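These are my notebook entries on a model with more than one chain, written down in the order in which I looked things up. I began with the contact between two chains and then turned to the sheets and helices.

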Amino acid sequence: MILSAHNIRKRFADLDVLKGIDLEMQQGDVVAILGPSGSGKTTLLRCLNFLERADEGILTMDGADIDLHRATHREIVRVRRKTAFVFQNYNLFQNKTVLQNVTLGLTVGARMRRDEAEATALEMLRKVGMADRLKHYPSQLSGGQQQRVAIARALATKPEIIYFDEPTSALDPELIGEVLSVMRDLAVEGMTMLVVTHEMDFARNVSSSILFMDGGEVIERAPSRQFFEQPREARSQEFIRSILQR
Amino acid sequence: MSERIWGIVADSFPKMLTYGLTVTLPLAAASFLLALIIAVLVALIQYGNVPVLRRICRFYIWLIRGTPLLVQLYLVYYGLPKAGIYFDKLLAAWLVLGFNEGAYMAETMRGALESVSQGQMEAGYCVGLNFVQIMTHIVLPQAFRTAFPALSNSLISMVKETSLAATIAVEEMFRQAQIINGRVYESLALYTEVALIYLLFCTILTWLQRLCEKHLARRGGAIK
Ligand SMILES: Nc1ncnc2c1ncn2[C@@H]1O[C@H](COP(=O)(O)OP(=O)(O)OP(=O)(O)O)[C@@H](O)[C@H]1O
Ligand SMILES: [Mg+2]
C-alpha cells in the first residue's frame, strides 16, 4: 500500500465538510473522486497535502503514521516531498519561464545541481509535449499548455502519488483533450494518481476505481466499470442518472 | 531681461546644480532606499499577519499618513531636542523623508504582495519550497514588478520633497537658491531657475522609468 488515510475530519466554522473519510491507494492506482459540488472533494485533497489542516485523521505513507491534525513542520515537508499537486487553475509561477517553473522546486527546494535539474525538467516537459516552449512565460501559453507545464512541474519532483483537483475544469472544451491524454499516458506508465474530476470519460476509461463522495462522506468505492454499470448505493445510482441526463 | 539677471543666473547655475547633484539627489536616493526597506518590512509583516508587529505597523502608517511632512520634520529637528534627542540636520531630513515615504510605499507594497495569487504560494509549498524561498523567488519579484510604477513615482516625489529640508537649514539645492536670493534679491529668476533644475531631474527620472518599464515588459510581462 502506497498510502492510506483513516478518519479524516474537517469543519469550517459550523460546516462539517469531511465527516470521517477513509482512503487506500495501491501503487499504480488511478482513483477518480466523483461527487456533487460542495461534497468536500477539494478539501479532502488539500487535507492530504496539508494545504488545509484537518481536524482529525491519520495518514500512513511508507509505513509511517502521521497525524493530519498535529503533524510537525518536518512531517509536513516529508509528506509533501512524496506527493505532488495539480490545481484547477494551474498556479504556475508567473514570473518564471516554463523551464524555471519546473526546475525551481529542484534547484531551490531540493538543492539539486542546475544541469541535473534542467535535464530532469526537460525530460518531464518532453513527456507532456511542452519541450518546445522552454523560454515562454505562463501568460504566453494557452490554458491547456499551462496545465501540461503544471503536470511536468509535479512530475519533476518524482512524487509517489499525484493529486489532481479538477485539472480540466478551467479549460476551454477544445483544450481538455490534450491534458487528459497526458494524464492517460501517466496512468499507463503506472503513476499513482488521485483525481477529482467531472470528466466521466476519464473516470470510466482511465481510472481504475471510483471514490464517490456526497455530503462529506465516502458513499461508495468501487472499480470503475462496476461503479458505472452496477452502482450499489442509492445515492450513487442517482448521481449516475443525473450525469447521464446532462 | 537685464544683463545683471543673466549674470546672476549664469553664476548661480553651476552652484545650484552642484548642490543638486551632490546633496538633493543623494539625499533623495538615500531616503528612498530607507523608505523601500521600511516599506518591504512593513508590508511583509502585514502580509504575513505577524501578531504584535502588525499592530505597530498599522499605528506607524496611521501616524505618518495623518500628519504633514513639514510638521514631522519640525518635530524631529526642532522638537525632539527638547526631549534630549538630537539629530544632525541631514540625518533628521534623511530619517523623516525615509519614514514618511516608507508609510505610503508600504501600502503600495502590501497591495502588490496581495495581488500575487495565493495559489502560486500553495504551488510553491507543493514543490517543496519553504516560506522564505517562496517569498524571495516568487512573491516578492512579482510584487516589485507590480509596484514598480508606483515606486518610481515615490522616488520622483522624493526628489521634490527634499526641498523641505531647506526649512531645517540642510544645505541642499533649494536652500542655495534661498541663500543666493538673500544676497541679490532676484527671487523670480532664481526660483524659476531652481524649479527648472527640479524639472530636469524629474524629467530624466521619468524617462528612465519608462525605459525600465519597457525592459520589464519585454521580459515576458508576467503580470496578468
Ligand atoms: N476555506 C473554506 N472556508 C469555509 N468553507 C469552505 C472553505 N473551503 C471549502 N469550504 C466549504 O466546504 C464545502 C466543501 O468544499 P469543497 O471545495 O471541498 O467541495 P468540492 O467537492 O470540491 O466542490 P466542487 O465540486 O464545487 O469543487 C463547501 O460547502 C465549501 O463552501
Ligand atoms: Mg472542488
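**Entry 1: the interface**

I started where the chains meet, bearing in mind that this is a predicted model, and I found 19 residues of chain B in contact with 24 residues of chain A. I then looked up the area, and chain B and chain A bury about 1,900 Å² between them, of which 60% is on carbon and sulfur atoms. On the side of chain B, I noted that Cys126(B), Val127(B) and His137(B) lose the most area to chain A, and that together they account for 29% of what that side buries.

Next I asked how many residue pairs are in polar contact across the interface of chain B and chain A. The rule finds six such pairs, with both residues at pLDDT 80 or more. I went on to the elements behind the side of chain B that touches chain A, and those that give two or more residues to it are α5 (118-126) and α6 (131-161) of chain B. Of these, α5(B) gives the most, with seven residues. By residue class, I recorded that this side of chain B divides into eight nonpolar, eight polar and three charged residues.

**Entry 2: the salt bridge between the chains**

A search of the whole structure gave me 18 salt bridges over all chains, while the count between chain B and chain A is one. Which residues form the salt bridge, and how far apart are the closest N and O atoms? I found Glu122(B) bridged to Arg46(A), with the closest N and O atoms 2.8 Å apart. Arg46(A) lies in helix α1 of chain A and Glu122(B) in helix α5 of chain B, so the pair joins two chains. I add as background that side chains of opposite charge can pair when their charged atoms come close.

**Entry 3: the four-stranded sheet of chain A**

I followed helix α1 back into chain A, where residues 41-48 form this helix, and it lies across β1, β2 and β4 of chain A, running at about 120 degrees to β1(A). Those strands led me to an open sheet of four strands in the order β2-β1-β4-β5 (chain A), with antiparallel pairing. I noted that β2 (15-25) and β5 (64-67) of chain A stand at the edges with a single partner strand each, so one side of each is left without a neighbour in the sheet. The twist averages 20 degrees from one strand to the next. Within this sheet, I checked that β1 (residues 3-12) and β4 (residues 56-61) of chain A pair in the antiparallel sense over five bridges, and that Ser4(A) has Thr60(A) in β4(A) as its bridge partner.

**Entry 4: the six-stranded sheet of chain A**

I then looked up an open sheet of six strands, which has the order β6-β7-β8-β3-β9-β10 (chain A) and mixed pairing. Here β6 (83-86) and β10 (217-223) of chain A are the edge strands, each with a single partner, so one side of each has no neighbour in the sheet. For the twist, I wrote down an average of 15 degrees from one strand to the next. Strand β3 (residues 30-34) and strand β8 (residues 193-196) of chain A pair in the parallel sense over four bridges, and Ile33(A) stands opposite Val196(A) in β8(A).

**Entry 5: chain B as a whole**

Last, I counted eight helices and zero strands in chain B, and I recorded that its C-alpha trace spans about 75 × 50 × 25 Å along its principal axes.

How values were computed
Residues are numbered from 1 along each chain as its sequence is written. Chains are lettered from A and ligands numbered from 1 in the order in which they are written. This is a predicted model: local features need pLDDT of at least 70, side-chain atom pairs count only at pLDDT 80 or more; totals for chains, interfaces and linings use all residues. Side-chain values use heavy atoms; hydrogens and water are left out. Contact means heavy atoms within 4.5 Å. Buried area is the accessible area (1.4 Å probe) that two parts lose on being put together, summed over both. A salt bridge is a side-chain nitrogen of Lys or Arg within 4 Å of a carboxyl oxygen of Asp or Glu. A polar contact is a pair of N or O atoms within 3.5 Å; within protein, one must be able to donate a hydrogen and the other to accept it, and residues adjacent in sequence count only if both atoms are side-chain atoms. Ala, Val, Leu, Ile, Met, Phe, Trp, Tyr, Cys and Pro count as nonpolar, Asp, Glu, Lys and Arg as charged, and the others, Gly among them, as polar. Two strands pair if DSSP finds at least two bridges between them. Axes are lines fitted to C-alpha atoms, for helices over the stretch in contact, and angles run from 0 to 180 degrees between N-to-C directions.
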